[in-house]
Amino acid sequence: MAASSSSPSIFFIFVCILLILIVPVAPKNETDFKPMQELKKLKRIRSHLKKINKPPIKTIKSPDGDLIDCVLSHLQPAFDHPKLKGQKPLELPLERPKGHNSSDENMDTFQLWDCPKGTVPIRRTTEDDVLRASSLKRFGRKVIRRVRHDTASGGHEHAVAFVNGDQYYGAKASINVWTPAVTDPYEFSLSQLWVISGSFGNDLNTVEAGWQVSPELYGDGYPRFFTYWTTDAYQTTGCYNLLCSGFVQTNNRIAIGAAISPRSSYNGKQFDIAIMIWKDPKHGHWWLQFGSGLLIGYWPSFLFSHLQRHASMIQFGGEIVNSRSRGYHTSTQMGSGHFADEGFGKASYFRNLKVVDWENSLLPLTNLHLLADHPNCYDIKAGKNNVWGDYIYYGGPGRNARCQ
């Protein structure tokens with residue numbers, strides 16, 4: 001009897017164990033489904049956002065959906081840099097390059113913010129912005145590339161005018177603004193001026209400014225005012241806009257990274273933005289001016305090696321990324337998406353191209369070179385007249401019958 005009475009108990013225990021092993025326990029919440037690696041990634045992203053999104057004293061919502069934070073100027077990301085900690089932005093330079101004339105420049109091609117005096121407007125970075133990047137490490141940085149003459153430079157293609165062979169202390173141009181189609185979320189289309197020094201190896205120094213369409217960086221297809229810098233050929237230093245410590249903003253009206261409006265239309269009204277970068281003779285920093293004399297801020301000279309002294313090349317023009325994600329050349333447009341021969345109102349342009357010399361004077365270009373590394377996809381041509389001075393038309397549609 002003892003043996004027969006214990007059998008059901010053993011069987012019952014066995015069944016209970018099977019049920020425990022087989023029947024899943026309901027999750028406490030949806031995060032139980034997320035791999036630990038994903039949770040760690042989100043934690044890193046939120047920590048990074050806390051670092052770069054400084055506490056605002058006022059927030060404005062832009063017409064295109066951005067949040068613009070008015071941040072005390074001495075708390076902006078630049079002052080996270082060890083050499084700037086505890087400091088405040090410098091006073092504006094008293095002397096601009098000689099020959100600067102703002103009579104044909106205006107501010108109607110931008111969004112102006114009403115941030116209080118003593119603050120700077122900064123576009124707030126979101127989780128979605130970071131998640132669109134290939135990695136947190138590369139967020140806010142250009143894809144590593146070679147500059148200029150390498151036609152197989154990691155998918156980057158150019159149509160640029162450049163001068164070299166001298167010592168340059170700045171550059172100026174008015175840049176036509178369009179809304180080029182970018183067909184892949186990891187591609188971009190930009191138009192900018194480059195101030196460059198170094199050997200075009202790993203010691204390349206640049207400061208850059210212009211407009212760009214970058215779905216990966218901004219999450220939309222609007223042309224946006226941007227800046228960039230690097231001191232090691234885009235490897236580990238520098239970033240777009242204010243996404244790392246470096247560029248010091250001094251202006252309380254313009255948010256770097258904000259959309260530009262209105263924009264040019266084919267066979268319609270044309271809009272451009274005037275940009276000047278120059279090296280202040282007194283302190284040696286590289287200042288950025290927008291439109292009719294509005295100073296945006298500066299890149300401190302200590303960020304650089306070669307650019308502590310001067311630039312050895314100036315470039316003006318367009319750049320796109322061709323990812324060949326569909327197995328053939330991208331249809332991402334450069335400029336207006338039309339070739340240079342179409343001219344005013346159809347092709348995109350730079351006008352009034354000038355450089356700054358060692359005497360802090362703006363001068364017309366000499367020995368101008370043109371480079372279109374894929375001329376069947378994007379091309380460039382130059383001209384000169386009494387109204388526009390030195391100018392270029394450039395751009396193209398990308399993939400077409402001659403561009404495969």
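Which residues lie nearest the centre of the largest cavity? Keep that in mind as you load the model, which is a predicted one, and start inside.

**Stop 1: the largest cavity**

Select Arg-123, Thr-125, Asn-241, Leu-242 and Leu-243: of the 15 residues that line the largest cavity, these lie nearest its centre. The space in there comes to about 160 Å³. Now colour by secondary structure. The elements that give two or more residues to this lining are β3 and α4 (215-218). Strand β3 has the largest share, with three residues. If you colour by residue class instead, you should find nine nonpolar, four polar and two charged residues around the largest cavity.

**Stop 2: the second cavity**

The structure holds two cavities of 30 Å³ or more, so hop over to the other one. The second largest has a volume of about 30 Å³. To see its walls, select Ile-52, Asn-53, Lys-54, Asp-69, Val-71, Ile-122, Arg-123 and Arg-124. You have met Arg-123 already: it is on the list for the largest cavity and lines this one as well. Strands β2 and β3 each supply at least two residues here. By class, the lining has three nonpolar, one polar and four charged residues.

**Stop 3: Lys-54 and its partner**

Stay on Lys-54, one of the residues lining the second largest cavity. What does its side chain meet in a salt bridge? Show Asp-80 as sticks: the two side chains pair up at 2.8 Å, N to O. The partners come from distant parts of the chain, 26 residues apart. Lys-54 sits in the loop between α2 (36-52) and β1 (58-61), while Asp-80 is in the loop between β2 (67-72) and β3 (119-123). Buried or exposed, then, for Lys-54? Its relative accessibility is 13%, so Lys-54 counts as buried. Asp-80, on the other hand, has 27% and so counts as partly exposed.

**Stop 4: Lys-142 and Glu-208**

That was one salt bridge; a search of the whole structure finds 14. For another, select Lys-142 and Glu-208, where the closest N and O atoms are 2.6 Å apart. Lys-142 lies in the loop between α3 (127-131) and β4 (156-168), and Glu-208 in strand β7 (residues 205-213), so this pair ties together parts that are 66 residues apart in sequence. Hide the surface to get a clear view, since both residues are buried according to the 20% cut-off.

**Stop 5: a salt-bridge network**

Next, pick Asp-220 and Arg-224. Their salt bridge has its closest N and O atoms 2.5 Å apart, and both residues are buried. Don't stop at the pair, though. Add Asp-64, Asp-66, Arg-123, Asp-129 and Arg-132 to the selection, and you have one network joined by salt bridges that share partners. Arg-123 turns up yet again: this network member is also one of the residues lining the largest cavity.

**Stop 6: out to the surface**

Turn the surface back on and finish outside. Which residues form a nonpolar patch there? Select Ile-57, Leu-72 and Leu-75, which together have about 230 Å² of accessible area. Leu-72 is found in strand β2, the strand that also supplies at least two residues to the lining of the second largest cavity. With 31% relative accessibility, Leu-72 counts as partly exposed.

Definitions and conventions
Residues numbered from 1 in each chain as written. Predicted model: local features only at pLDDT ≥ 70, side-chain atom pairs only at ≥ 80, totals over all residues. Heavy atoms only, no water. Salt bridge = Lys/Arg side-chain N within 4 Å of Asp/Glu carboxyl O. Helix = DSSP H or I, 4+ residues; strand = E, 2+ residues; numbered from the N terminus. Buried < 20%, exposed > 50% of the residue type's maximum accessible area, 1.4 Å probe, protein only. 1 Å grid on protein atoms, 1.4 Å probe; cavity = no way out; pocket = protein on both sides within 12 Å on 5 of 7 lines; lining within 4 Å. Points joined across faces, edges and corners; volume = space filled by probe spheres on them. Nonpolar A, V, L, I, M, F, W, Y, C, P; charged D, E, K, R; others polar. Patch = residues over 30% accessible without salt bridge, like charges linked within 9 Å, V, L, I, M, F, W, Y side chains within 5 Å. Areas by Shrake-Rupley, 256 points an atom, 1.4 Å probe, with all protein chains shown as cover.
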